[in-house]
Structures are given as C-alpha cells and as structure tokens.
Amino acid sequence: MKNIDSSNHLRGQSIYLDDIPLLTGTLFAVAFDSPIAHGVITKLDLTEALDSEGVVRIFTAKDIPGENQIGGIIPDEPLIADHHVHFCGMPVALVVAESDELARMAVKKIKVEISPLPIITDPREAQQKGELIVQPRTFTLGNSADAFENCVHVFEGKVDSNGQEHLYIETQGAYTVPMENGAIKIYSSTQGPTAVQRACAKVLGLPMHMLEVDVTRLGGGFGGKEDQANTWAALCAMATYHLKRPVKYSLHRMEDMRMTGKRHPYSSDYKIGLDKDLKIVAYEATFFQNAGAAADLSPAVLERTLFHCTNSYFVPNVKATAYSCRTNLPPNTAFRGFGGPQEMFVIESAIAHAADELGIHPSEIQKRNLIRTGDEYPYGQIAVSEATECWEKAEKLFDFEKAKKDVAKFNSENHLYKKGIALMPISFGISFTKTLMNQARSLVHVYTDGSVNISTGAVEMGQGVNTKILQVAAQVFSINPDSIRVNSTNTFRIANTSPSAASATADLNGRATQIACEAILNRLKDVAAIELNVAAEKISLKDQCVLIDGIKSAMDWKQLVMAAFLRRVSLSEHGHYATPEIHFDPKKEKGHPFAYHVYGSAIVTATIDCLRGTYEFDSVNVVHDFGSSMNVIIDRGQVEGGIVQGIGWMTMEEVIYDKEGRLRSNALSTYKVPDVYSVPKEINIDFLQTSKDNLAIFRSKAVGEPPLMYGIGAFFALREAIKSFNPEVKTAFDSPMTPEKVLMALHSRKLKMNN
Ligand code: LUZ
Ligand code: MOS
C-alpha cells in the first residue's frame with residue numbers, strides 16, 4: 001500500500017502550518033534573540049521598535065502570566081530571557097505586528113546591552129568546571145578493571161562527533177487562535193502536541209483543558225520538534241492571551257538554525273581490551289555530552305547513549321560513564337538516534353583503532369563479537385538477537401569477501417583513486433527509555449454509512465505513520481482502506497500523548513488502534529450473530545462482508561454497521577495501550593527497558609579522489625531486521641532516508657560555533673547537507689524476514705531511527721580508503737570526515753592519532 005499522503009504531497013495539496021488559511025485580524029510574531037552567548041542584560045531599549053510601522057506590542061519576560069519556564073525534564077529554561085542570557089539565539093523579546101515583514105523590521109530596531117560573562121562551548125571544559133546538567137551516570141557489567149589485566153591487547157583513545165542540524169524542510173512555527181472563554185487553539189509544527197499543551201499551560205497559568213493543540217502534519221521533525229516546538233507555540237499563545245487575536249510565527253530558516261538546538265556533539269574516551277582470539281573482553285568509555293545551555297532532553301539522550309554503549313556487540317565487562325555538560329550553546333535536543341549514534345561511533349572507533357594496531361580489517365573484530373540471543377546487554381536486558389543473522393546474510397548476499405578483494409585490486413591498480421569498505425552492524429532498543437512514556441491511545445469512530453475516522457497521539461511527519469494506522473484498522477475490520485480516514489492529532493480528542501519519537505509511534509498508536517478496532521469488531525460480531533441467528537463464534541468479517549463459518553452471508557459491512565446503530569450498540573471506542581514487560585531501575589541501572597531490539601548490518605563502499613580529497617559512496621548494501629514489514633514501501637523509504645542522513649552527519653554536515661558561541665554555519669550556503677549528487681550510487685536493502693514473536697505492531701518492527709546508524713560505516717569506509725593511500729596516517733576519530741579532513745589525512749606524514 002502506498003503512503004496515503006503521496007498524491008497530495010506531489011500536488012502540493014498537503015496542509016502544513018503555513019498552509020492554514022489565516023483568520024481576519026491575524027497578527028505576526030517575531031522573536032528578538034540574544035546576540036551574546038552569555039551575560040547579563042543591563043539595558044533593553046524598545047522605544048524605536050515600538051514606533052516602527054505596524055507594531056502592535058512588544059512582549060518581554062514580565063508579560064508572562066504564568067511561569068517563565070519551558071524546561072521539560074528539568075525546570076532550567078526560561079521562555080524569554082529575564083536578566084541572564086545563556087546562549088546566542090535565546091529569545092529576549094517578542095515583537096507582534098500587523099505583518100511578518102513589519103515585525104521583522106521592528107526587531108532590527110531593538111537595542112540591547114549585555115554585560116558579558118565567560119562563554120563555554122567545550123563539553124570537557126564544562127565538566128572540569130563542574131557545569132553539569134545532571135549527576136553523571138555509570139552503567140557496569142562484570143568487572144572491567146580486572147578484565148583488562150587479562151587482555152592481550154588494550155587500546156585507548158579519544159573520539160569526537162559533531163552536532164547535526166535537523167533541517168526539517170518545514171521550519172518551526174505556531175499559529176494560535178483565541179476561542180471562547182479564554183481557551184486557545186494552537187496549531188503547532190510539533191512532534192509532541194501534549195508537550196506544547198503542557199508548556200503553554202505553564203507559561204499562561206491556565207489549566208491544560210483550555211489549550212487545544214492541533215497538528216495535521218509536519219514537514220519533518222527528526223527529533224527537532226520533540227521538545228523545541230514548545231517555544232514558538234508558547235510565545236504565540238502568550239501574545240494571543242494578551243491581545244485576544246490570532247498570532248502566527250513561522251521561523252525563517254536562518255532564525256531556526258540560529259535559535260534551535262541540534263544533535264549533541266560528544267567528546268569521548270575509550271579503552272578496549274581484546275583476547276588473543278579478538279574477543280572484546282573489556283570496554284570502558286567516558287562520554288562528555290555537549291548539552292548546551294539548558295537540559296531540554298539531554299538527560300534522556302545521555303541515558304540512551306549508555307544503553308547503546310556496546311552497540312551490537314556482547315562485551316562481558318563494561319563500564320561506561322556519561323556526563324551531560326552545560327555550555328553556552330542553544331540547548332541541544334533529540335535527533336534521530338537520540339544519543340545512540342554518538343556512542344556507536346565510539347565503540348566502532350575503538351574497534352577500528354584495535355584493527356589498525358593489529359593489522360587486520362575491523363570486520364574481523366566486529367564479526368567475532370556480535371551479540372547473540374541469551375547474551376546480556378550492559379543494562380541487564382537479555383538479547384533476542386538477529387545480529388549474526390543480519391551480518392552473515394549481508395556477507396553472503398553481497399559477497400563481502402569478493403567486495404573486499406575487488407577493493408584491494410582497485411587500490412593496487414589505481415594511485416589517485418582509492419576505495420575503502422566497511423561493515424556497520426547496529427542494534428537499537430525500541431521503547432522510550434522512560435518506561436512511563438510507552439503508552440498511547442486511539443479514538444475510533446465508525447459512522448452509520450460505514451466510514452471510519454481514527455484519531456491517535458501519533459504525529460505524521462513524513463514517516464508514514466498515518467498510513468500504518470490506517471492499515472491496522474483496515475486489517476482488523478477487513479474493509480477497504482478508502483473508507484478510513486486518519487484525523488489530525490489533537491489534544492482535545494487524544495489526551496496525555498507521548499511525543500512521536502523513539503521509533504515507537506506506529507507500535508504504540510498502532511496497538512492502541514488495534515485494541516479499539518477489535519473492541520468495536522467484537523460488538524459488531526455480536527450484532528451479526530443476532531441478526532443472522534447464529535453463534536457469534538461463527539461470524540467473521542472479510543472484504544466488507546459478513547461471513548458465517550467462512551461463507552459469505554447476505555449482510556455486508558454497511559448493513560452490519562447500520563444494524564448495530566439501530567440496536568443502540570456503540571460504534572466508537574477509545575483504545576489504550578501500554579507496552580507490557582518493560583521496566584527499568586535507575587538506582588541499579590538494570591532492567592528490561594526495551595520492548596525489543598532492531599538489528600542490521602550494512603556494507604559501505606567509498607571511493608576517494610586522492611588529489612582533491614573529495615569522495616563518493618559506491619554502494620550501501622544492507623540486511624535489515626524489519627520483523628514482518630507491514631509496509632515495504634514506507635519501510636524501505638525510512639531506511640534509505642536514514643542512511644543518507646547518517647552519512648550526512650558522519651561526512652559533510654559541519655556545525656560550527658565560534659569561541660563566542662555564535663553559529664557560523666548558519667545558512668545552507670555554509671552548512672552542507674546531502675543532496676542528490678552525494679547520495680550513494682547504489683542502495684540495496686534486503687529484508688531479513690523473521691517470524692519470532694515481538695511486541696511490534698503486527699510484528700512489523702520499528703524502523704524510524706535504527707537505519708541512520710548505518711551511516712557511521714561511511715566514516716570507516718573513508719578511513720580505509722585513506723589508509724590505502726597513506727598507510728602511515730592514523731586518521732583521528734573526529735567526525736564529520738569532510739573533504740578537507742580527508743585531504744589533510746591523505747597528505748599528512750605523521751599526523752598522530754589524536755589521543
Ligand atoms: N525521546 C524520548 C526519544 O523522550 N525518549 C527516548 O528514549 C527517545 N528515544 C529515541 C528518540 N527519542
Ligand atoms: Mo526522535 S530523536 O525519535 O524525536
């Protein structure tokens with residue numbers, strides 16, 4: 001089944017925030033944000049801006065009717081700077097004017113004086129100065145200190161990974177409309193309608209039932225709108241609260257890039273110990289997460305880093321410690337993978353380091369250490385693993401041995417072009433790491449004409465979740481998908497939602513939909529049994545017909561629905577799903593936090609131009625654990641997109657803040673994202689079909705985040721190619737591997753590994 005949005009997307013008929021028709025009297029908001037990364041506001045001069053054409057009002061922190069606080073996990077983030085500014089891009093004032101252009105003109109006339117304070121941009125420096133968002137956490141398994149004593153090979157080093165701009169095509173924004181009795185309707189480009197509702201309630205000092213958040217779809221989120229859509233919604237809602245007029249704020253790209261947080265850069269230390277058979281016996285890592293100026297989701301991201309500290313490997317002795325470090329950058333936030341990719345890059349670097357020293361290809365080590373069913377993850381969960389299955393199938397299907405030989409042959413015959421090949425296995429835990437968040441609800445109505453309308457907490461952001469929800473209902477009722485509609489996500493229909501995140505949205509909301517549809521179905525079967533005068537067990541529904549003992553009766557779906565209505569049987573249901581079996585004890589740092597894991601292996605091949613340092617990816621060949629995919633087209637799209645986004649993070653996307661905490665890569669002229677020319681020339685995705693029971697919706701495993709991490713293989717493929725040109729060089733584990741860095745590595749004589 002195709003994505004139900006494809007046709008409207010193609011015709012430009014899909015509704016995004018900017019497509020909502022504006023009501024008469026709508027005003028436009030634009031934030032004035034701090035030009036200084038850290039300091040105390042000594043003077044804020046609004047006079048000239050207030051006189052500017054079309055300005056209705058300028059709001060500051062003292063206009064906030066409730067609490068000036070939008071911190072989700074920790075209350076450490078003012079909506080509008082009061083006295084202190086903590087990062088460049090922090091909102092200081094909100095101009096509201098008759099048009100977007102007039103608001104922007106007025107913003108330029110605001111004058112601020114800020115007495116500067118010391119600026120920290122480096123996470124290690126922050127940690128040394130005790131600037132931590134939360135207490136550090138440590139996961140341990142076995143005894144790594146003792147285990148290192150018995151290792152034949154021990155290697156230590158340092159790894160750095162940079163941030164990543166989400167670059168959702170639709171920028172952040174909100175549109176707020178005053179309703180009766182002081183209620184406010186909030187259209188928001190958010191992954192978390194309830195997060196927006198909660199933040200606005202706090203800022204306005206209103207009960208949540210006054211705030212209706214409505215989301216039709218997003219033009220991408222990638223984690224950037226899990227928490228950080230709250231700001232714009234709360235700003236607009238505050239203006240609507242005071243002015244009793246609709247207020248819209250749709251960010252320009254440069255505002256969005258400057259004012260919002262990104263993927264967390266990490267700086268990490270590793271120590272890896274192997275025995276003579278290349279088994280990883282001990283592993284230690286310390287992570288310094290660059291959290292930015294406020295907690296945002298950083299503590300949760302930090303937690304997921306620890307959960308994935310050994311990626312797809314079983315290591316019997318592990319100690320991993322993670323620090324969330326407060327710096328003067330915009331608060332970094334969720335980004336596809338949520339701290340997992342940063343960690344996986346660290347253990348893959350440790351393995352590559354060991355392989356360098358031992359003179360072997362890293363895959364020799366990777367392969368020997370894949371986690372098997374029954375092995376224990378460092379947090380106590382026992383693996384039900386497909387790691388070896390994916391790896392071995394990839395090796396066979398894409399003939400890894402031959403590919404390696406072809407690369408060697410190419411390299412022996414070419415001097416100015418070199419190829420490199422890398423294998424990248426992944427293991428990603430599915431569930432929010434916070435157990436309580438793993439719940440969802442679905443409201444299903446069947447109308448008397450037989451058509452069906454579904455509302456859930458799931459937000460459609462291009463990932464195809466609405467199509468999957470629709471498929472669930474179509475399958476349970478066995479009716480034509482055309483007779484089903486999935487509604488916008490709305491906090492008045494579905495309450496207390498978890499954000500659409502953690503790859504778990506289709507599982508959670510799909511399961512809730514299944515539960516609701518099955519409840520209605522059971523009532524309908526009872527009605528059919530009475531109408532047709534047979535036992536209810538004999539009734540089934542197929543292709544909009546009622547069957548008795550598998551044989552078509554005279555009654556169809558529409559007649560059955562009408563019969564139920566005439567008998568006053570409810571045709572609506574509110575289904576609730578909470579993932580069973582999961583638990584975690586943060587005191588012990590042990591438990592069973594994930595419903596299941598997703599596995600896979602990718603083989604990445606790169607070619608570099610050794611004169612220029614430029615490169616291309618010849619192919620990415622993947623065997624991915626989809627379980628039993630319920631939508632092959634959508635799932636394939638998610639894997640392709642993830643791979644390209646992962647490659648972008650690892651190779652070309654370079655977030656640059658200067659020492660003053662100002663974003664230098666602040667536009668698409670200075671921040672390079674993958675385009676059609678830089679995607680791999682070939683991407684082959686093989687579906688590992690598994691029949692094991694799992695907690696996914698219809699056994700169709702979550703697919704949103706895991707494939708991004710295949711992109712890490714791109715770094716190591718480039719590294720292999722560089723090694724072939726310049727065997728002397730020990731390329732630093734410092735991503736992204738930009739063409740500049742490749743060129744430097746190719747032609748440097750004794751560039752020391754940076755440890
Ligand atoms: N968001 C969140 C996430 O709040 N908790 C998670 O565990 C998570 N994992 C991945 C992506 N977003
Ligand atoms: Mo996400 S990083 O699942 O919002």
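This is a short talk on the sheets, the spaces and the ligand site of one protein model.

Okay, hi everyone. Before anything else, keep in mind that what we have on screen is a predicted model.

Let's begin with the bigger picture of one sheet. Find strands E7, E15, E14, E13, E8 and E30: these 6 strands form an open sheet in just that order, and the pairing is mixed. Which strands stand at the edges? They're E7, residues 137-141, and E30, and each has a single partner strand, so one side of each has no neighbour in the sheet.

Now let's walk across it. At the E7 end, E7 runs antiparallel to E15, which covers residues 317-326, and 5 bridges join the two. If you want a spot to zoom in on, look for Arg137, which sits opposite Ala322 in E15.

Further along, E8 and E13 are also paired, in the antiparallel sense, over 9 bridges. Here you can find Glu156 facing Lys271 in E13. On to E30, which is residues 733-734: E8 pairs with E30 in the parallel sense, over 2 bridges. In that pair, Asp160 stands opposite Asp734. So that's where the word "mixed" for this sheet gets easy to see: E8 is antiparallel to E13 and parallel to E30.

Hang on to E8, since we meet it again in a pocket. The second largest pocket has a volume of about 580 Å³. It has 27 lining residues, and Thr121, Asn162, Pro265, Val655 and Tyr657 are the closest to its centre. Which elements give two or more residues to that lining? Helix H4 (123-128), strand E8 (153-161) and strand E13 (266-274) do. E8 has the largest share, with 3 residues. And the mix by class is 8 nonpolar, 8 polar and 11 charged residues.

Next, the cavities. How many of 30 Å³ or more turn up in the whole structure? The search finds 6. The largest holds about 160 Å³ of space. Its lining is made of 17 residues, with Ile70, Glu77, Phe87, Gln228 and Thr231 nearest the centre. Helix H7, residues 230-243, gives the most to that lining, namely 3 residues. By class you get 9 nonpolar, 5 polar and 3 charged residues.

Over to another sheet. This one is open too, with 4 strands in the order E19-E18-E17-E24 and mixed pairing. At its edges are E19 (484-486) and E24 (572-578), and since each has a single partner strand, one side of each is left without a neighbour in the sheet. From one strand to the next, the twist averages 20 degrees. E17, residues 439-446, pairs with E24 in the antiparallel sense over 7 bridges, and Val444 is opposite Glu573 in E24.

Last stop: ligand 1. Around it you'll find Glu226, Arg304, Phe338, Phe432, Thr433, Met437, Ala501, Ala502 and Glu705. Let's check a few distances. An N or O atom in the side chain of Glu226 is 2.8 Å from a nitrogen atom of ligand 1. For Arg304, a polar side-chain atom lies 2.9 Å from a ligand nitrogen. Ala502 does it with its backbone: an N or O atom there lies 3.4 Å from a nitrogen atom of the ligand.

If you only look up one thing afterwards, try E8, which sits in the sheet of 6 strands and also helps line the second largest pocket. Thanks, everyone!

How values were computed:
Residues numbered from 1 in each chain as written. Chains lettered and ligands numbered in written order. Predicted model: local features only at pLDDT ≥ 70, side-chain atom pairs only at ≥ 80, totals over all residues. Heavy atoms only, no water. 1 Å grid on protein atoms, 1.4 Å probe; cavity = no way out; pocket = protein on both sides within 12 Å on 5 of 7 lines; lining within 4 Å. Points joined across faces, edges and corners; volume = space filled by probe spheres on them. Nonpolar A, V, L, I, M, F, W, Y, C, P; charged D, E, K, R; others polar. Pairing = 2+ DSSP bridges. Axes fitted to C-alpha atoms, helices over the stretch in contact; angles between N-to-C directions. Near = heavy atom within 4 Å. Polar contact = N/O pair within 3.5 Å; in protein donor to acceptor, adjacent residues only side chain to side chain.
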